[in-house]
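This report introduces a single structure to a reader who has not met it before. It takes selected sites in turn and describes the surroundings of each.

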Amino acid sequence: MADYKSELVGTHASINSLRGLIEKVARSPARTVLIYGETGTGKGLVARMIHQASSRAAREFVDINCAAIPASLLESELFGHERGAFTGAVERKLGLIEAANQGSVFLDEIRELDPPLQTKLLSLLDTQQFRRVGAVKPTKVDVRFIAATNKVLLSEVSAGKFREDLYYRLQVVALNLPALRERGDDVLTLARYFISKYNVMYKRAITGLAPETAEVFLRYAWPGNVRELENLLERIFILEEDDVILPSHLPDRILRSVIAGAVPRPADGAPALPEGNFREATEAFQRVVLARALEAADGNLQTAATRLGLSRHALRHQMLKLGLAKA
Ligand SMILES: Nc1ncnc2c1ncn2[C@@H]1O[C@H](COP(=O)(O)OP(=O)(O)OP(=O)(O)O)[C@@H](O)[C@H]1O
Ligand SMILES: [Mg+2]
């Protein structure tokens, strides 16, 4: 994992501008960077890229998952401790932050950081000094902190769980990773990329996605984002023997969710009859009917309602019920 040159695959405008931002941030003197993104969008990858593109590249990149280490251990893991600082501290131990001197520290799931550690981190950011647990004298250190979170931190701030001053400090340089479903055709580019990767790894010659599979990929919401796509493809490499990836290779869960959300694109012909239980199938059909009427009416609710023989209010109600509109 750590030794290959990380590559951000994709050509969507949001990814192209992200690439530019990564370069800029990497070369900047910024001591903190915050990365936002849903699970599996590539936060770890981007953090590594920032490190690799920076003048710190030859030094350590330390990867710490704040949610994975119990708070009681995290302080001495991060900051180290002096001999005798607590029972069992028989020797001085250097913390991960000191080990990353002149390099980068990646704090994944930063919102899980305990309030006392938030305070200690903020002071380190302000002074570039910290104290090992049990130390009298401060230690100087030069590191860049790259923090990541999959939830908007502001709600943790208003809930009193995340220090507001630390939040603003981290927020100075923030990068947003779009969800996979917001990246247009990139899902197909990424699929090709992972297929060539696994062709080499598993000594296979899969040529690509069947057109129907590509259609499903474009319509599916990918809640687990790029990681979900990669894991799905690897599973198919392991379980299937065809040289092209067919819709029948996909889990039912994905097919069902695509059918349930099926809103045909303008170029489509008659809607295929949806499968599934009666309620799901009926709703899928209603969605198609409403989506077409709205499209024909250029999104004008009143015109679409008249066409459908509904009141505007009833149409709005149906749209909310079927998930075609937000309250
Ligand atoms: N644009 C991309 N190009 C190539 N590989 C990618 C891309 N985005 C993500 N990946 C790969 O997908 C996997 C998931 O990415 P990563 O672990 O960085 O996501 P994450 O946002 O950190 O997820 P989590 O929030 O669950 O920790 C990794 O194997 C990563 O290398
Ligand atoms: Mg991650």
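## Ala 205 and its surroundings

Setting aside residues within four places in sequence, Ala 205 makes contact with Asn 199 and Asp 243. The model is a predicted one. Ala 205 belongs to the loop that runs between helix H8 and strand E10 (208-209). A distance of 8.9 Å separates the C-alpha atom of Ala 205 from that of Val 244, although the two residues are 39 positions apart along the chain.

Is Ala 205 buried or exposed? Ala 205 counts as exposed because it has 6 C-beta neighbours inside 10 Å, and a residue with 12 or fewer such neighbours falls in the exposed class.

## The shell around ligand 1

Ligand 1 is surrounded by 16 residues, and the closest of them are Val 9, Gly 42, Lys 43, Gly 44 and Val 226. Sorted by class, this shell holds 4 nonpolar, 8 polar and 4 charged residues.

Which parts of the chain supply the shell around ligand 1? Domain 1 (13-178) and domain 2 (180-260) each contribute at least three residues. Among helices, H2 (43-52) and H10 (225-239) each provide at least two residues of the shell.

## Helix H10

Helix H10 consists of 15 residues, and the distance from its first C-alpha to its last is 21 Å, close to the 21 Å expected at 1.5 Å a residue. The buried residues in H10 are Asn 225, Val 226, Leu 229, Leu 232 and Leu 233. These residues lie on the same side of H10 because they cover an arc of only 130° around the axis. An α-helix has 3.6 residues a turn, so residues three or four places apart point the same way.

Against which element do the buried residues of H10 pack? Their partner is helix H8 (186-201). The face of H10 turned away from the buried side carries Ile 238 and Leu 239, which are exposed.

## Gln 128 and Gln 129

Gln 128 is placed in the loop between helix H5 (115-127) and strand E6. Its phi is positive, at about 55°, although Gln 128 is not a glycine. With 14 other C-beta atoms within 10 Å, Gln 128 is partly exposed.

Gln 129 is located in strand E6, which comprises residues 129-130. Gln 129 is classed as exposed because 12 other C-beta atoms lie within 10 Å, and the exposed class takes in residues with 12 or fewer. Not counting residues up to four places away in sequence, Gln 129 touches Leu 124, Pro 138, Thr 139 and Lys 140. For one of these contacts, Lys 140, the C-alpha atom is separated from that of Gln 129 by 4.5 Å, with their positions 11 residues apart in the numbering.

## Gln 102

Gln 102 is found in the loop that connects helix H4 (96-99) and strand E5 (104-108). The phi angle of Gln 102 is near 70°, a positive value in a residue other than glycine. Gln 102 is partly exposed, having 13 other C-beta atoms within 10 Å.

## Gly 80

Strand E3 (residues 80-81) contains Gly 80. Is Gly 80 buried or exposed? Gly 80 counts as buried because it has 24 C-beta neighbours inside 10 Å, and the buried class begins at 20.

Apart from neighbours within four places in sequence, Gly 80 is in contact with Lys 93, Leu 94, Gly 95, Glu 98, Arg 132 and Val 133. Between Gly 80 and Asp 252 the distance in space is 49 Å, C-alpha to C-alpha, and the two are 172 residues apart in sequence.

## Glu 295

Glu 295 forms part of helix H12, which spans residues 278-296. Glu 295 is considered partly exposed, with 14 C-beta neighbours inside 10 Å.

How far apart in space are Glu 295 and Gly 44? Their C-alpha atoms are 40 Å apart, and in sequence the two residues are 251 residues apart. Gly 44 is one of the closest residues to ligand 1.

Notes
Residues numbered from 1 in each chain as written. Chains lettered and ligands numbered in written order. Predicted model: local features only at pLDDT ≥ 70, side-chain atom pairs only at ≥ 80, totals over all residues. Near = placed C-beta within 6 Å. Helix = DSSP H or I, 4+ residues; strand = E, 2+ residues; numbered from the N terminus. Nonpolar A, V, L, I, M, F, W, Y, C, P; charged D, E, K, R; others polar. Domains from an automatic or database assignment. Expected span 1.5 Å × (residues − 1). Arc of directions from axis to C-beta. Contact = placed C-beta atoms within 7 Å.
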